Amino acid sequence: MSGRATLERVTASVEQTWALGAAVGRACHRGDVVLLEGELGAGKTQLVRGMADGMGLDATHVASPTFVLMREYEGDGGALLVHVDAYRLGSADELVEAGFDAELRAAGVTAVEWPSRVAGLFDAADPAVIAIAVEHADTDRRRVTIDAEASRLDAIRLASGDE
């Protein structure tokens, strides 16, 4: 199977959102970029916490980088998660000026909240890009739509215990 495909899940708790993020984290490889779109409070940072957990990192240290723009989390085994919050940025140039570059991207997995604020920095058609939209389905539930290469979605399904 090749080409891009979409997977949709509804999570009914923080724990389920975290678990889905962990499946994404287990399916990620060095150099991958996860683009996270969604309203404030939709659960983007919870997904990133799950990703950290799935990558074998201490997820309890993951915090929203809204005011510092970028945080790096490194594990004992060399896993690196770069967490970017572009909410306060006006352009991709501002993220580059803050220290994000191709070398940092290649060193680990990058999760970018509010990627539309840094449009042009990441190509949604790039096979290394996983695009995730998080929406409020209702008060307690979130609709999570993942767009990625079909093989990557298969890995996410497998990592989450789906068929």
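Thr45 makes contact with Ala63, Ser64, His83 and Glu113, leaving aside residues up to four places away in sequence. This residue belongs to helix α2, and the structure in which it sits is a predicted model. Because its relative accessibility is 14%, below the 20% limit, Thr45 counts as buried.

**Helix α2 and its surroundings**

Nine of the eleven residues of α2 are buried, which leaves the helix mostly covered. The buried residues are Lys44, Thr45, Leu47, Val48, Arg49, Gly50, Met51, Ala52 and Gly54. They pack against helix α1 and against the strands β2, β4, β5 (residues 109–113), β6 and β7. Just beyond the helix, Gly56 adopts a positive phi of about 85 degrees.

**Overall architecture**

The protein contains five helices and seven strands. Read from the N terminus, their order is β-α-β-α-β-β-α-α-β-β-β-α. The radius of gyration is 14 Å, close to the 15 Å that the globule rule gives for 163 residues, so the protein is as compact as a globular protein of that length. The C-alpha trace spans about 40 × 35 × 30 Å along its principal axes.

Of the 163 residues, 47% count as buried. Among contacts with a separation of 6 or more, 67% are made by residues 24 or more positions apart. The exposed area of the protein is about 7,800 Å², and carbon and sulfur atoms supply 49% of this area. The protein carries 15 positive and 27 negative charges, and the mean positions of these two groups lie 4 Å apart.

**Helix α1**

Helix α1 comprises residues 14–27. At 1.5 Å a residue, its 14 residues should span 20 Å, and the end C-alpha atoms are 20 Å apart, so the two values agree. Its buried residues are Thr17, Leu20, Gly21, Ala22, Ala23, Val24, Gly25 and Ala27. An α-helix has 3.6 residues a turn, so residues three or four places apart point the same way. The cover over the buried residues of α1 includes the strands β1 (4–11), β2 (33–38), β6 (129–136) and β7 (142–149). Helices also contribute to this cover, among them α2 (44–54) and α5 (150–159). The packing of α2 against α1 also appears among the neighbours of the buried residues of α2.

**Val84 in strand β4**

Val84 lies in strand β4, which covers residues 80–85. Its relative accessibility is 0%, so Val84 counts as buried. Apart from residues up to four places away in sequence, Val84 touches Pro65, Leu69, Met70, Leu95, Phe100, Thr110, Ala111, Val112 and Glu113. Val84 and Glu113 are 29 residues apart along the chain, yet their C-alpha atoms are separated by 6.1 Å. Glu113 is also one of the residues touched by Thr45 of α2.

**Residues in loops**

Ala79 is found in the loop between β3 (70–74) and β4. With a relative accessible area of 23%, Ala79 is partly exposed. Residues up to four places away aside, its contacts are Met55, Leu57, Tyr73 and Glu74. Ala79 and Trp18 are 61 residues apart in sequence, and their C-alpha atoms are 18 Å apart in space.

Two further loop residues have a positive phi although neither is a glycine. One of them is Leu69, in the loop between α2 and β3, with a phi of about 75 degrees. Leu69 counts as buried at 16% relative accessibility, and it is among the residues touched by Val84. The other is Trp114, in the loop between β5 and β6, whose phi is near 65 degrees. A relative accessible area of 12% makes Trp114 buried as well.

The table below lists the relative accessible area of the residues discussed individually.

| Residue | Relative accessible area | State |
|---|---|---|
| Val84 | 0% | buried |
| Trp114 | 12% | buried |
| Thr45 | 14% | buried |
| Leu69 | 16% | buried |
| Ala79 | 23% | partly exposed |

Notes:
Residues are numbered from 1 along each chain as its sequence is written. This is a predicted model: local features need pLDDT of at least 70, side-chain atom pairs count only at pLDDT 80 or more; totals for chains, interfaces and linings use all residues. Side-chain values use heavy atoms; hydrogens and water are left out. Helices (H or I, at least four residues) and strands (E, at least two) are DSSP runs, numbered from the N terminus. The radius of gyration is taken over C-alpha atoms; the globule rule is 2.2 Å times the number of residues to the power 0.38. Buried means under 20% relative accessible area, exposed over 50%, partly exposed in between (1.4 Å probe, protein chains only). Contact means heavy atoms within 4.5 Å. Accessible areas come from the Shrake-Rupley method with a 1.4 Å probe; for residues, only the protein chains shown count as cover. Lys and Arg count as positive and Asp and Glu as negative; His and the chain ends are not counted. The place of a charge is taken as NZ of Lys, CZ of Arg, CG of Asp or CD of Glu. The expected span of a helix is 1.5 Å times one less than its number of residues.
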